[in-house]
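Good morning, colleagues. Please take a moment with the sequence and the structure before I begin my remarks.

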Amino acid sequence: HRKRWVLYKDTFDYNATSVPAEWHGWLEGSNDFTPNNWDGFPKPVYKVDHFISKTGTPECYNPKGAWKNMYGKRNWKKVETWQPPKA
């Protein structure tokens, strides 16, 4: 079994999600061919373009009420008491 690895351009600030799925298959040993040399990958209809994850960056997703969410600071109540309808 061969050892395969990635040499990132910036060794101190790298992101593992920058490796596309086709290359990930080669790195893990699922394929013995690199995507450069073989263009026979079937393109599924649900495939989206590869993008680098924004996790851990200021652009990451923060749900409403999260402490790091700069737009929706906790200006809403978490719990509202139920009031029975008046008869």
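**An aromatic pair and its surroundings**

Searching the whole structure, which is a predicted model, yields 1 aromatic pair. How is this aromatic pair arranged, given the rings of Trp 23 and Trp 26? Their centres are 5.7 Å apart and their planes stand at 85 degrees, so the pair is edge-to-face. The class follows because planes over 60 degrees apart count as edge-to-face.

Let me place these two residues. Both Trp 23 and Trp 26 belong to helix α1, which covers residues 21-28. They are separated by 3 residues, about one turn of the helix. In general, an α-helix has 3.6 residues a turn, so residues three or four places apart point the same way.

Is each partner buried or exposed? Trp 23 is partly exposed, its relative accessible area being 28%. Trp 26, by contrast, is among the buried residues of α1, together with Glu 22, Gly 25 and Leu 27. The helix is followed by Gly 29, which has a positive phi, near 90 degrees.

I turn now to Arg 4, which is found in the segment before α1. Arg 4 has a relative accessibility of 17% and therefore counts as buried, the cut-off being under 20%. What does the side chain of Arg 4 meet at Trp 26? A polar atom of that side chain lies 2.6 Å from the backbone oxygen of Trp 26. Apart from neighbours within four places in sequence, Arg 4 is in contact with Trp 26 and Leu 27 of the helix, and also with Gly 29, Asn 31 and Asp 32. Trp 26 thus appears twice in this account: in the aromatic pair and in the contacts of Arg 4.

Finally, the protein as a whole. It has 1 helix and 0 strands. Of its 87 residues, 14% are buried. Among contacts with a separation of 6 or more, 29% are between residues 24 or more positions apart. The accessible surface comes to about 8700 Å², and carbon and sulfur atoms hold 57% of that area.

Notes: Residues numbered from 1 in each chain as written. Predicted model: local features only at pLDDT ≥ 70, side-chain atom pairs only at ≥ 80, totals over all residues. Heavy atoms only, no water. Helix = DSSP H or I, 4+ residues; strand = E, 2+ residues; numbered from the N terminus. Buried < 20%, exposed > 50% of the residue type's maximum accessible area, 1.4 Å probe, protein only. Contact = heavy atoms within 4.5 Å. Areas by Shrake-Rupley, 256 points an atom, 1.4 Å probe, with all protein chains shown as cover. Phe/Tyr/Trp six-rings, centres within 6.5 Å; stacked < 30°, edge-to-face > 60°. Polar contact = N/O pair within 3.5 Å; in protein donor to acceptor, adjacent residues only side chain to side chain.
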